[in-house]
Amino acid sequence: MPEADTREDKRFYEDIPAPSTGWFLKGSSSYDWGMKNRLARIFRPSTGRTLMLAIDHGYFQGPTTGLERVDLTIVPIAHYGDALMLTRGMLRSTIPPEFTGAVVVRASGGPSILKELSDERIAVDMDDAVRMNVAAVAVQVFVGGEHETQSVENMTRLIDAGYRYGIPVLGVTAVGKELTRDARYLGLATRICAELGAHFVKTYYVDEGFETVTASCPVPIVMAGGKKLPELDALTMAYRAVSEGAAGVDMGRNIFQCEAPVAMIQAVGAVVHQLMKPEQAYDLYQTLRRDEQRGRRVAV
């Protein structure tokens, strides 16, 4: 068995950006035109970052709070983001075909919250991804989980199919309750996804060492929003993530479980694309929230 790399004196050169090779997105210059075009739907070329709205929670936990009626709560705000991450069932049943934003479809699944979550399989054929005109497919990778190898194989099989069709694959790092969510673990998980071919990676933010996670990953990292936080805390987390090298955020509960989702998604977008400071973004949220609530009263 190979020895684990336990040295602590690693050099990540966080202050030196990855070299530019003629295209705006990290690690993506050698892809085919179609792959680049789809990535440019997700990541805004003017900033190199993305605001993804994640609403795929129901694929393993059913009608999540805030997603009971996606047609009423999500469809009206989806256009404020750059990309919508969801399942194919929700896409076909609920999202209007007039929606012009990027679509990232959840392509792995199987177990519910009642079972061992790492026991996933590929749940979407790449032919169907083409039919849906998606910008990317997403697959969960359980590094350290009971079915780690199986989940990695799910990802690599989708990557192989993705190259045939020009569709990028998002590797989503899953952190179970028994695993420590720190920079060392996230660095391991994100690097494995990138080394095995994921075109971009989604992972959680950590207060210490997140810049080493982004620096050591040769493809873009998108920060996962995680559990619902107070609005200022969520905006602060987003700001710190992009300031420390993330190529955007994929938020769900911190937007659709917010009291004023329209205001919150716009405030997060200002942080991601304008690097607006958290306090300013929170002031923007408060102003937009009042406008949103006033509009509801007028509508009633």
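This tour proceeds from the whole chain to a few selected residues. The model is predicted.

**The whole chain**

Begin with the protein chain in a cartoon view, where the secondary structure amounts to 12 helices and 10 strands. The C-alpha trace extends about 65 × 40 × 40 Å along its principal axes. For 300 residues, a compact globule would have a radius of gyration near 19 Å, and the chain agrees with this because its own value is 19 Å.

Next, display the surface. The accessible surface of the protein chain is about 14,600 Å², and carbon and sulfur atoms account for 51% of that area. Of the 300 residues, 52% are buried. Where contacts join residues at least 6 apart in sequence, 68% of these contacts link residues at least 24 apart.

Colouring by charge offers one further view of the chain. There are 33 positive and 37 negative charges, and their mean positions lie 5 Å from each other.

**First stop: Phe 12 and its partners**

Select Phe 12, which is located in the segment before helix 1. Is Phe 12 buried or partly exposed? Its relative accessible area is 27%, so Phe 12 is partly exposed. Now add Ser 216 to the selection: Phe 12 and Ser 216 are separated by 204 residues in sequence, yet their C-alpha atoms are 6.1 Å apart in space. When neighbours within four places in sequence are set aside, Phe 12 contacts Thr 212, Ala 215 and Ser 216.

**Second stop: aromatic pairs**

Show the aromatic side chains next. The count comes to 6 aromatic pairs. Select Phe 43 and Phe 200, whose ring centres are 5.4 Å apart; the planes stand at 80°, so this pair is edge-to-face. Phe 43 belongs to the loop between helix 1 (33–42) and strand 1 (50–54), while Phe 200 is in strand 8 (residues 200–203), so the pair ties together parts that are 157 residues apart in sequence. Phe 43 counts as buried, because its relative accessibility is 0%. Phe 200 is also buried, at 0% relative accessibility.

Move then to Tyr 59 and Phe 60. Their ring centres lie 5.1 Å apart with the planes at 75°, so this pair too is edge-to-face. Phe 60 has a relative accessible area of 22% and is therefore partly exposed.

**Third stop: Asn 154 in helix 6**

Select helix 6 (residues 148–165) and find Asn 154 within it. Asn 154 is buried, since its relative accessible area is 4%, which is under the 20% cut-off. Which residues should be displayed around Asn 154? Apart from neighbours within four places in sequence, the contacts of Asn 154 are Glu 120, Arg 121, Ile 122 and Val 139.

**Last stop: Met 264 in helix 11**

Finally, select helix 11 (residues 261–274), where Met 264 is found. With a relative accessibility of 0%, Met 264 counts as buried. Display the residues around Met 264: not counting those up to four places away in sequence, Met 264 touches Glu 231, Ala 234, Leu 235, Asn 254, Ile 255, Cys 258 and Tyr 285.

To close the tour, add Ala 123 to the view and draw a line between the two C-alpha atoms. How far apart in space are Met 264 and Ala 123? The C-alpha to C-alpha distance is 32 Å, and the two residues are 141 residues apart in sequence.

Technical notes:
Residues numbered from 1 in each chain as written. Predicted model: local features only at pLDDT ≥ 70, side-chain atom pairs only at ≥ 80, totals over all residues. Heavy atoms only, no water. Helix = DSSP H or I, 4+ residues; strand = E, 2+ residues; numbered from the N terminus. Rg over C-alpha atoms; globule rule 2.2 N^0.38 Å. Buried < 20%, exposed > 50% of the residue type's maximum accessible area, 1.4 Å probe, protein only. Contact = heavy atoms within 4.5 Å. Areas by Shrake-Rupley, 256 points an atom, 1.4 Å probe, with all protein chains shown as cover. Lys, Arg positive; Asp, Glu negative; His and termini not counted. Charge placed at Lys NZ, Arg CZ, Asp CG, Glu CD. Phe/Tyr/Trp six-rings, centres within 6.5 Å; stacked < 30°, edge-to-face > 60°.
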